[in-house]
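Okay, thanks everyone, I'll keep this short. Let me put the structure up and then talk you through a few parts of it.

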Amino acid sequence: MDQKIKLSGRTITAFIISIVLCSIIIIVLIALNPGLQFWYLNAENIALAAAGLLLTVFISIIVQFDVEIKQMKEYFKNIAVKDPLTSVYNRRYIDENIDRLIKSISRANSILSLMMIDLDFFKKYNENYGHEKGDNCLKNIAKVLTLSLKRDNDVIARYGGEEFIVILPYTDEKGANMIAERLLKNIKDFNIPHEKSEVSDRMTISIGIVTGGSNFSLTGDDYINKAGDALLVSKQNGRDRYTLLNI
């Protein structure tokens, strides 16, 4: 875990409040008993003040520890469902959540579209440019795909190797076509050189889309397998394109 945990606002606030309360108590006691005006000349009073200060520090440490525990839990939760290379969701996230999403959309009697995306001739890219540039390519592709999606509830995940999945809730055939065209264009416009590609002088992608009214009998595997069939058609027809199938 390489992230730094800093003092939280809650910890600082707790420390300040504790100091203020201790000060108020001392002021009130002095006001009620003028004889305590020179309390600091008494060793017992100094000991009590020191104990109060230590209690303040102790409270602050407890608050900070609670914050750190929550930060660590959030950190490990994220790395469990995020791809470490591209920082998008991973296959585990899709497998754990897609069926729940389908049921939610089914209850709303709505529609779902899912895309399977593959980088064209990525193996040749790796062989030609090296794995380091291959990793950078995957990072850039993930970034472009993420920025190309406009809605907060759209989900992108790296599904394995050079494959990505995009889930588009409440998106019909027309909307899926528009997004697919945008993705194809934005990847090309990013202009990642690919001299070994058989379809272009730069990196391109092929997309398989499945769309249709969601119902409780369908599973995530149904959508993913159908999108895989559509992706295969895109590859067979020359790549650098999308194919949409209904489910």
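I'll go through confidence, then the sheet and its helices, then one pocket.

So, this is a predicted model. The mean pLDDT of the protein is 82, and 68% of the residues come in at 70 or more. Residues 1-5 stay under 50, and for that stretch the model has 10 contacts beyond four places in sequence. Where pLDDT is low, the predicted coordinates should not be read in detail.

On to the sheet. Five strands make an open sheet, and the order goes S2-S3-S1-S4-S5, with mixed pairing. At the edges you've got S2, residues 155-160, and S5, residues 242-246, each pairing on one side only. Ignoring direction, neighbouring strands are turned by 20° against each other on average.

Have a look at S1, residues 111-119, with S4, residues 205-213: those two pair antiparallel over nine bridges. If you want a spot to click on, Ile111 has Gly213 in S4 as its bridge partner.

Now the helices. H7, residues 220-236, packs on the sheet and touches S1, S2, S3, S4 and S5, with its direction at about 140° to that of S4. Then there's H3, residues 91-107, which lies across S1, S2 and S3 (163-169) and runs at about 135° to S2.

Last thing, the second largest pocket. How much space lies in there? About 180 Å³. The residues lining that pocket include Ser87, Tyr93, Thr146, Arg151, Asp152 and Val155. By class, the lining comes out as six nonpolar, three polar and three charged residues.

That's what I wanted to show; over to you.

Conventions. Residues numbered from 1 in each chain as written. Predicted model: local features only at pLDDT ≥ 70, side-chain atom pairs only at ≥ 80, totals over all residues. Heavy atoms only, no water. 1 Å grid on protein atoms, 1.4 Å probe; cavity = no way out; pocket = protein on both sides within 12 Å on 5 of 7 lines; lining within 4 Å. Points joined across faces, edges and corners; volume = space filled by probe spheres on them. Nonpolar A, V, L, I, M, F, W, Y, C, P; charged D, E, K, R; others polar. pLDDT = per-residue confidence, 0-100. Contact = heavy atoms within 4.5 Å. Pairing = 2+ DSSP bridges. Helix = DSSP H or I, 4+ residues; strand = E, 2+ residues; numbered from the N terminus. Axes fitted to C-alpha atoms, helices over the stretch in contact; angles between N-to-C directions.
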